[in-house]
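Biologist: Please take a close look at one part of this structure and explain, step by step, how that part is put together and what surrounds it. The explanation should suit a student who is reading such a description for the first time.

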Amino acid sequence: MPIAATADLLAQAAADRRGLPAFNVISLEHAQAVAEGAERAGTAAVLQISQNAVRHHGGRVLPLARACAEIAAAAGVPLSLHLDHVEDLDLLHAAPAAGFSSAMYDASRLPHDDNVKSTAEAVSWAHRHGLHLEAELGRIGGKEGEPPLSPHDPGARTDPAEAARYVEDTGVDALAVAVGSSHAMTTRTAVLDHALIGRLAAAVPVPLVLHGSSGVPDGELSAGIAAGLVKINIGTALNTAFTRAVREHLAADGRVTDPRRYLADGRAAAAAAVARLAAVVSSSGTR
């Protein structure tokens, strides 16, 4: 089926009052696992490549992006391509030609006024080139190179009035908000602020995005979607499943040298994680 546009998938999920699962991709096996898992769950999903993943691939976005595009085009469910956590404008400008229909421009490290100015300029460019643009407001901890921030920190919250002004001033198409999750969590102990999510959903006229969803239990995800979250970003949960399966294979067979043997186990484990989480996210929420 044709590669989907993230904007269309988001609009449909919001209309259906359910979540849209978005999975971070680092390798070909990740992308294959997302497609397989989404097909098993019978739901649309987003294949996300982050700036960090591009850096891992030597700064070249096209090889992995084109592989993801081929996998998305062959999938039995709608899949879109999204470029995640972009800080480098050159990389953002490469997104349309690389096949992405959406990107997340991350100016959250900047002072607020600079964040607004930089994001508004990125939005203007993105819209001229047919790109749906997501941004972030609030302190979502766990990013590489930043000091630790507990998702329970009172400062890790997005203010609804500020969020409404930010969306109006920048023109962003979706907004990642800080409501109690954190990037790179390996334990599912995050507790979301559902009342705040409801206030944000009432104040902000664009879909809300949850980053750091791997650390959020199923029930919390369902309640968060019911309160107003739409796009649910998941990365670490796939890596945890993948790595555990590879470790188990290597521990059981210390003589294996063919990476296909253990990568297949990792891919299968990640696909199972995708199928389970995609089912939770896509079936959740009545608002």
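Modeller: Two strands are said to pair if DSSP finds at least two bridges between them. With that rule in hand, we may turn to strand 8 of this predicted model, which spans residues 229-234.

Strand 8 has a partner in strand 7 (residues 208-210), and the two run in the parallel sense over three bridges. Within this pairing, L208 stands opposite L229 of strand 8. The chain does not pass directly from one strand to the other: strand 7, helix 9 (residues 218-227) and strand 8 together make a β-α-β unit, and this unit is right-handed.

Strand 8 also pairs with strand 1 (residues 20-24), again in the parallel sense, this time over four bridges. Here F23 is the residue that faces I234 of strand 8. In general, strands of a sheet are held in such pairs through backbone hydrogen bonds, and the pairing may be parallel or antiparallel.

How covered is strand 8 in this setting, and how many of its residues are buried? The strand is mostly covered, for six of its six residues are buried. The term buried refers to a relative accessible area under 20%. For the protein chain as a whole, which has 287 residues, 53% count as buried.

The next step is to follow the sheet beyond strand 8. Strand 1 is joined to strand 2 (residues 45-50) by three bridges, and these two strands run parallel. In this pairing A22 lies opposite V46 of strand 2. Helix 11 (residues 259-282) packs on the sheet and touches both strand 1 and strand 8, while its direction makes about 150 degrees with that of strand 1. The complete arrangement is a closed barrel of eight strands in the order 1-2-3-4-5-6-7-8, with parallel pairing. On average, neighbouring strands of this sheet are turned by 30 degrees against each other, direction ignored.

Two residues associated with these strands deserve attention for their backbone angles. H85, located in strand 3 (residues 79-86), has a phi near 50 degrees, which is a positive value in a residue other than glycine. Its relative accessibility is 17%, so H85 counts as buried. R17 lies in the loop between helix 1 (6-16) and strand 1, and R17 likewise is not a glycine yet has a positive phi, of about 60 degrees. The relative accessible area of R17 is 42%, so this residue is partly exposed.

Finally, the barrel should be placed in the context of the chain, which contains eleven helices and eight strands. A contact between two of these helices serves as an example. The axes of helix 6 (residues 112-128) and helix 7 (residues 160-170) come within 8 Å and cross at roughly 40 degrees. Angles under 35 degrees count as roughly parallel and those from 65 to 115 as roughly perpendicular; helix 6 and helix 7 are therefore oblique to each other. On the side of helix 6 the contact is made by H112, N115, V116, T119, A120 and V123, and on the side of helix 7 by E162, Y166, D169 and T170. Sorted by class, the contact of helix 6 with helix 7 holds four nonpolar, four polar and two charged residues. Across the protein chain, 73% of the contacts between residues at least 6 apart in sequence join residues at least 24 apart.

Key:
Residues are numbered from 1 along each chain as its sequence is written. This is a predicted model: local features need pLDDT of at least 70, side-chain atom pairs count only at pLDDT 80 or more; totals for chains, interfaces and linings use all residues. Side-chain values use heavy atoms; hydrogens and water are left out. Axes are lines fitted to C-alpha atoms, for helices over the stretch in contact, and angles run from 0 to 180 degrees between N-to-C directions. Angles under 35 degrees count as roughly parallel, over 145 as roughly antiparallel, 65 to 115 as roughly perpendicular and the rest as oblique. Contact means heavy atoms within 4.5 Å. Ala, Val, Leu, Ile, Met, Phe, Trp, Tyr, Cys and Pro count as nonpolar, Asp, Glu, Lys and Arg as charged, and the others, Gly among them, as polar. Buried means under 20% relative accessible area, exposed over 50%, partly exposed in between (1.4 Å probe, protein chains only). A crossover is right-handed if, with the strands pointing away from the viewer, the path from the first strand over the helix to the second runs clockwise.
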